[in-house]
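Got the viewer open? Let's take a walk through this one, selecting a few things as we go.

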Amino acid sequence: MTTVYSIGEVAKQFNLSISTIRYYDKEHLIPNLQKNTAGTRVFTQENLDTINIIECLKKSNMSIKDIKTFIEWCETGDETLQQRLNMFQQLQQSVQGQMAELQKTLDTINYKCHYYTQAVADGTEEYVKAGHNV
């Protein structure tokens, strides 16, 4: 028998609110989501895999509208493979650009951590200011 999960279990696993998961269902972002005889949503591993990719795409700043298009392409089948590849290639470039910007931010933060560690050790900023830019 296939293992199924409740909406509460899924919400906890993905750190999402139950209302967010219901929204995904309402927007048809989770294909093949079934309900039991009591009308309660039951989630399979396939559904969890879909939610995982939705969350990945959201973290990459993809809109729900575009995520929905991707899900529709998946449901359409092999004839949309090129569109899906193009989408992920564009997403890859976008995320790499975001990561480069974040690396610059982290470099500045690391510099300031070193700067203030030295200032605290010296008991003053005077010496680190003399040798570095603030």
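What percentage of the 134 residues in the chain is buried? The answer is 27%. Keep in mind throughout that this is a predicted model.

**Stop one: the whole chain**

Show everything as a cartoon and colour by secondary structure. You should find 6 helices and 2 strands, and going along the sequence they come in the order α-α-β-β-α-α-α-α. The radius of gyration is 23 Å, well over the 14 Å that the globule rule gives for 134 residues, so the chain is more spread out than a compact globule. Rotate the C-alpha trace and you'll see it span about 70 × 35 × 25 Å along its principal axes. Switch on the surface if you like: about 9,300 Å² is exposed, with carbon and sulfur atoms supplying 52% of that.

**Stop two: D25 and R41**

Now for charged pairs. Across the whole structure there are 5 salt bridges. Select D25 and R41 to see one of them, with the closest N and O atoms 2.7 Å apart. This pair ties together distant parts of the chain, since D25 belongs to helix α2 (residues 18-26) and R41 to strand β2 (residues 41-42), 16 residues apart. Buried or exposed, these two, D25 and R41? Both D25 and R41 are buried.

**Stop three: around K26**

Step along to K26, which is exposed, at 56% relative accessibility. K26 makes a salt bridge with E27, where the closest N and O atoms are 3.7 Å apart. Add K68 to your selection as well: K26, E27 and K68 are linked in a salt-bridge network.

**Stop four: helix α3**

Pick K58 and E55 next. Their salt bridge has its closest N and O atoms 3.4 Å apart. The two sit 3 residues apart in helix α3 (residues 45-59), so about one helical turn separates K58 from E55. Check their surroundings: K58 is partly exposed, with a relative accessible area of 31%, while E55 is buried at 11%.

**Last stop: R84**

Finish by selecting R84 in helix α5 (residues 81-122). Which side chain of opposite charge is nearest to R84? That's D78, 4.8 Å away; R84 is buried yet has no salt bridge. Look instead at the backbone oxygen of G77, which the R84 side chain reaches at 2.7 Å. To show the rest of the setting, display F70, W73, C74, G77 and D78, the residues R84 contacts once neighbours within four places in sequence are left aside.

Conventions:
Residues are numbered from 1 along each chain as its sequence is written. This is a predicted model: local features need pLDDT of at least 70, side-chain atom pairs count only at pLDDT 80 or more; totals for chains, interfaces and linings use all residues. Side-chain values use heavy atoms; hydrogens and water are left out. Helices (H or I, at least four residues) and strands (E, at least two) are DSSP runs, numbered from the N terminus. Buried means under 20% relative accessible area, exposed over 50%, partly exposed in between (1.4 Å probe, protein chains only). Lys and Arg count as positive and Asp and Glu as negative; His and the chain ends are not counted. A salt bridge is a side-chain nitrogen of Lys or Arg within 4 Å of a carboxyl oxygen of Asp or Glu. A polar contact is a pair of N or O atoms within 3.5 Å; within protein, one must be able to donate a hydrogen and the other to accept it, and residues adjacent in sequence count only if both atoms are side-chain atoms. Contact means heavy atoms within 4.5 Å. The radius of gyration is taken over C-alpha atoms; the globule rule is 2.2 Å times the number of residues to the power 0.38. Accessible areas come from the Shrake-Rupley method with a 1.4 Å probe; for residues, only the protein chains shown count as cover.
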